[in-house]
Amino acid sequence: MDKNSTGIGLLKVQVFSGNDAFPVEGAKVIISRNGQIEVFLITDSKGATPYVKLRSPSKENSLKPYSDDREENYRADIYAQGFEPLKNLYVDLVGGTSSLLSVNLIPSYKEDI
């Protein structure tokens with residue numbers, strides 16, 4: 001990405017169990033880009049993280065049809081006790097916009113032996 005064309009995009013993650021039924025408090029959310037961790041978050045009692053600012057292309061560049069700087073790709077990994085982890089969720093951000101990643105975790109039914 002061209003350093004002169006960067007902007008800031010906002011990302012918030014909401015974590016629920018089973019079809020948006022219950023918020024998952026204390027879920028660990030790791031946001032990374034190109035294999036490097038950018039931010040580590042924990043969900044609140046409503047299953048939400050705060051909005052975080054992340055580097056992304058400017059809105060102007062995102063509107064150029066043949067630009068390589070149209071969006072910035074981040075990856076989200078989400079872990080919570082008692083649930084199967086979600087890994088490699090791709091999130092695209094554009095400068096000057098807010099993005100919401102809403103996920104539903106599946107309960108883990110592993111038995112302790």
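From the N terminus on, the protein chain runs β-β-β-β-β-α-β-β-β. That gives one helix and eight strands. The model is predicted.

**Whole chain**

The protein chain has 113 residues, and 39% of them are buried. Its accessible surface comes to about 7300 Å². Carbon and sulfur atoms hold 49% of that surface. Among contacts with a separation of 6 or more, 58% join residues 24 or more positions apart.

**Two residues in strands**

| Residue | Strand | Relative accessibility |
|---|---|---|
| Proline 23 | S2 (residues 22–23) | 40%, partly exposed |
| Serine 99 | S8 (residues 98–105) | 17%, buried |

Is serine 99 buried or exposed? Serine 99 is buried, because its relative accessibility is 17% and the cut-off for buried is under 20%. Serine 99 sits in strand S8, which covers residues 98–105. Beyond its neighbours within four places in sequence, serine 99 contacts Leu10, Leu11 and Lys12. Tyr51, Asp92 and Leu93 are also in contact with serine 99.

Proline 23 lies in strand S2, residues 22–23. Proline 23 counts as partly exposed because its relative accessibility is 40%, and that class lies between 20% and 50%. Which residues does proline 23 touch, not counting those up to four places away in sequence? They are Val15, Phe16, Ser45, Lys46 and Gly47. Threonine 43 is 20 residues from proline 23 along the chain. The C-alpha atoms of proline 23 and threonine 43 are separated by 9.0 Å.

Notes:
Residues are numbered from 1 along each chain as its sequence is written. This is a predicted model: local features need pLDDT of at least 70, side-chain atom pairs count only at pLDDT 80 or more; totals for chains, interfaces and linings use all residues. Side-chain values use heavy atoms; hydrogens and water are left out. Helices (H or I, at least four residues) and strands (E, at least two) are DSSP runs, numbered from the N terminus. Buried means under 20% relative accessible area, exposed over 50%, partly exposed in between (1.4 Å probe, protein chains only). Contact means heavy atoms within 4.5 Å. Accessible areas come from the Shrake-Rupley method with a 1.4 Å probe; for residues, only the protein chains shown count as cover.
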